Amino acid sequence: VVKKGSKQHILVVEDSVTISFVFQIQKISSGQIWALTDKGIYVLDNEYRLRKIKIPGMEEKIFRQVIEADNKHILVTHETEQSEVFSIDSKMEVKRVFPTIPNNGFIDIIYFSEQEMIIRTEHGLLRVNKNGSTKLFDKELDEKSIYGCLYDRQGRLWISTNVDGILIADS
């Protein structure tokens with residue numbers, strides 16, 4: 001049941017699928033709400049219907065994160081050994097954005113462009129591009145947990161940790 005103002009709406013799940021895990025819920029610019037689940041990607045539309053997004057050839061993949069960038073939806077898969085990054089445009093055309101990246105305890109994407117992305121993992125920050133991935137600030141972040149990151153208007157990366165509080169890195 002979803003409450004909107006004083007009204008309540010019942011969510012109707014297409015195909016009566018039992019969802020065990022929801023990895024991420026994300027509201028996108030169109031107002032839709034995307035849910036990344038163990039049974040696929042579901043979108044809550046304006047009619048309060050939860051419908052599954054079917055991506056050809058990717059039915060068995062489990063997605064861990066969705067973000068919006070360059071008028072596309074960027075999806076990251078979560079696999080045991082590796083992760084993959086795909087973009088999906090408004091016509092639901094899928095394109096692999098980067099080569100397969102090792103699954104180093106993927107947490108989230110900090111920054112994304114078609115040329116590179118910065119991801120937060122359980123083992124630090126990685127810069128990923130077409131040539132592979134490199135660890136960022138290896139010495140400065142050694143043995144530290146990264147709680148959050150963001151870029152400011154000057155392009156500096158703010159990193160909150162369990163030890164030093166906030167670290168600020170010029171890009």
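Here are a few worked exercises on the structure above.

This is a predicted model, so local features need pLDDT of at least 70 and side-chain atom pairs count only at pLDDT 80 or more, while totals for chains, interfaces and linings use all residues. Residues are numbered from 1 along each chain as its sequence is written, and side-chain values use heavy atoms, with hydrogens and water left out.

**Exercise 1: the overall make-up**

Work out how many helices and strands the protein chain has, and what share of its residues is buried.

Step 1. Count the elements: the chain has zero helices and 18 strands. Both are DSSP runs numbered from the N terminus, helices being H or I with at least four residues and strands E with at least two.

Step 2. Check burial: 38% of the 171 residues count as buried. Buried means under 20% relative accessible area, exposed means over 50%, and partly exposed is in between (1.4 Å probe, protein chains only).

Step 3. Look at the surface: the accessible area is about 10500 Å², and carbon and sulfur atoms account for 47% of it. Such areas come from the Shrake-Rupley method with a 1.4 Å probe; for residues, only the protein chains shown count as cover.

**Exercise 2: the surroundings of Gln-65**

Decide whether Gln-65 is buried or exposed, and find what its side chain reaches.

Step 1. Place the residue: Gln-65 sits in strand 8, residues 63-69.

Step 2. Check the cover: Gln-65 has a relative accessible area of 8%, so it is buried.

Step 3. List the neighbours: beyond those within four places in sequence, the contacts of Gln-65 include Leu-36, Ile-74, Phe-106, Asp-108 and Ile-109. A contact here means heavy atoms within 4.5 Å.

Step 4. Zoom in on Ile-109: the Gln-65 side chain reaches the backbone nitrogen of Ile-109 at 2.8 Å.

**Exercise 3: comparing salt bridges**

Find which residue pairs with Arg-120, which with Lys-135 and which with Arg-156, then sort the partners by burial.

Step 1. Recall the idea: side chains of opposite charge can pair when their charged atoms come close. The test is a side-chain nitrogen of Lys or Arg within 4 Å of a carboxyl oxygen of Asp or Glu. The structure holds five such salt bridges.

Step 2. Take Arg-120: its side chain meets that of Asp-108, at 3.0 Å from N to O. This pair links distant parts of the chain, with Arg-120 in strand 13 (residues 116-121) and Asp-108 in strand 12 (residues 106-112), 12 residues apart. Arg-120 is buried because its relative accessibility is 11%, and Asp-108 is buried at 19%.

Step 3. Take Lys-135: its partner is Asp-138, at 3.4 Å from N to O. Lys-135 is partly exposed at 43%, and Asp-138 is partly exposed at 42%.

Step 4. Take Arg-156: it bridges to Asp-152, with the closest N and O atoms 2.8 Å apart. Here Arg-156 is partly exposed at 27%, whereas Asp-152 is buried at 17%.

**Exercise 4: the hairpin at strands 17 and 18**

Describe how strand 17 and strand 18 pair, and look at the turn between them.

Step 1. Get the direction: strand 17 (residues 157-161) pairs with strand 18 in the antiparallel sense, over four bridges. Pairing calls for at least two DSSP bridges between two strands.

Step 2. Pick out one bridge: Ser-160 has Ile-166 of strand 18 as its partner.

Step 3. Inspect the turn: four residues lie between the two strands of this hairpin, and Gly-165 in the turn has a positive phi of about 75 degrees.

Conventions: A polar contact is a pair of N or O atoms within 3.5 Å; within protein, one must be able to donate a hydrogen and the other to accept it, and residues adjacent in sequence count only if both atoms are side-chain atoms.
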